[in-house]
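Let's take a look at the aromatic rings and the backbone of this one. Have the sequence and the model open while you read.

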Amino acid sequence: NGDGIDDFVLGAGSRGYQQATVIFGARDFSPVDLDFLGTRGFVIEDPGAADKTTADNSTDNFGYSVAAVGDIDGDGLDDIAVGDILADYNGRTNSGRVWIVKGQTSVRTVNVQTDAGRVIRTIDGAAAQDRLGTVSSAGDVNGDGTADLLVSAYTAAPWGADVSSAGT
């Protein structure tokens, strides 16, 4: 949130609970109630993740992997990556998706479906069953002054179908 105190992000990508929660750091760090954050942070959600119909293109693993990834968009606030290894947004079953979400000073919930201005970029797995969605900060790998991101598709077979669960 740009206040000079480190914040952190928690992911909860499971069948029963799908979201990422950003907790703002504080000098007097007292207990935080994840069901009522108040001024202590905000939630990033994909409402489609809770929808178990087949028509929504999303799945129930939003928040499977999360990472604070530095200031990717150059606005002075660190951004957040949220992965869903079972997302189907590109028409390929379980290809996976990563959302890069803008950091913010507000405590307003971010809905990745309707808050397009809050989503910097999405990255989809290339093939069905790739399960792209594990994310991590990489720092500034290429020295261009912008934070970089590591993503993994743990069941991708980039060398062909003969390699079972190769991962990338």
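Here is a short tour of the aromatic pairs, followed by two backbone oddities.

Keep in mind that this is a predicted model. There are three aromatic pairs in it. One of them brings together Phe-62 and Trp-99, and it is edge-to-face because the ring planes sit at 70 degrees, with the centres 4.9 Å apart. These two come from distant parts of the chain, 37 residues apart: Phe-62 is in the loop between β3 (41-45) and β4 (65-68), while Trp-99 is in strand β6. Phe-62 is buried, at a relative accessible area of 0%, and Trp-99 is buried too, at 1%.

Trp-99 also pairs with Tyr-89, again edge-to-face. Tyr-89 belongs to the loop between β5 and β6, ten residues from Trp-99. Through these ring pairs, Phe-62, Tyr-89 and Trp-99 make up a cluster.

| Ring pair | Centre to centre | Angle between planes |
|---|---|---|
| Phe-62 and Trp-99 | 4.9 Å | 70 degrees |
| Tyr-89 and Trp-99 | 5.7 Å | 90 degrees |

Now for the backbone. Most residues other than glycine have a negative phi. Which value does phi take at Asn-94? It is near 55 degrees, so a positive one, in a residue that isn't glycine. Asn-94 lies in the loop between β5 (80-84) and β6 (97-101). With a relative accessible area of 14%, Asn-94 is buried, because the cut-off for that is under 20%.

Arg-131 is not a glycine either, and its phi is positive at about 60 degrees. You'll find Arg-131 in the loop between β8 (119-124) and β9 (132-139). Its relative accessibility is 22%, so Arg-131 counts as partly exposed.

Conventions: Residues numbered from 1 in each chain as written. Predicted model: local features only at pLDDT ≥ 70, side-chain atom pairs only at ≥ 80, totals over all residues. Heavy atoms only, no water. Helix = DSSP H or I, 4+ residues; strand = E, 2+ residues; numbered from the N terminus. Buried < 20%, exposed > 50% of the residue type's maximum accessible area, 1.4 Å probe, protein only. Phe/Tyr/Trp six-rings, centres within 6.5 Å; stacked < 30°, edge-to-face > 60°.
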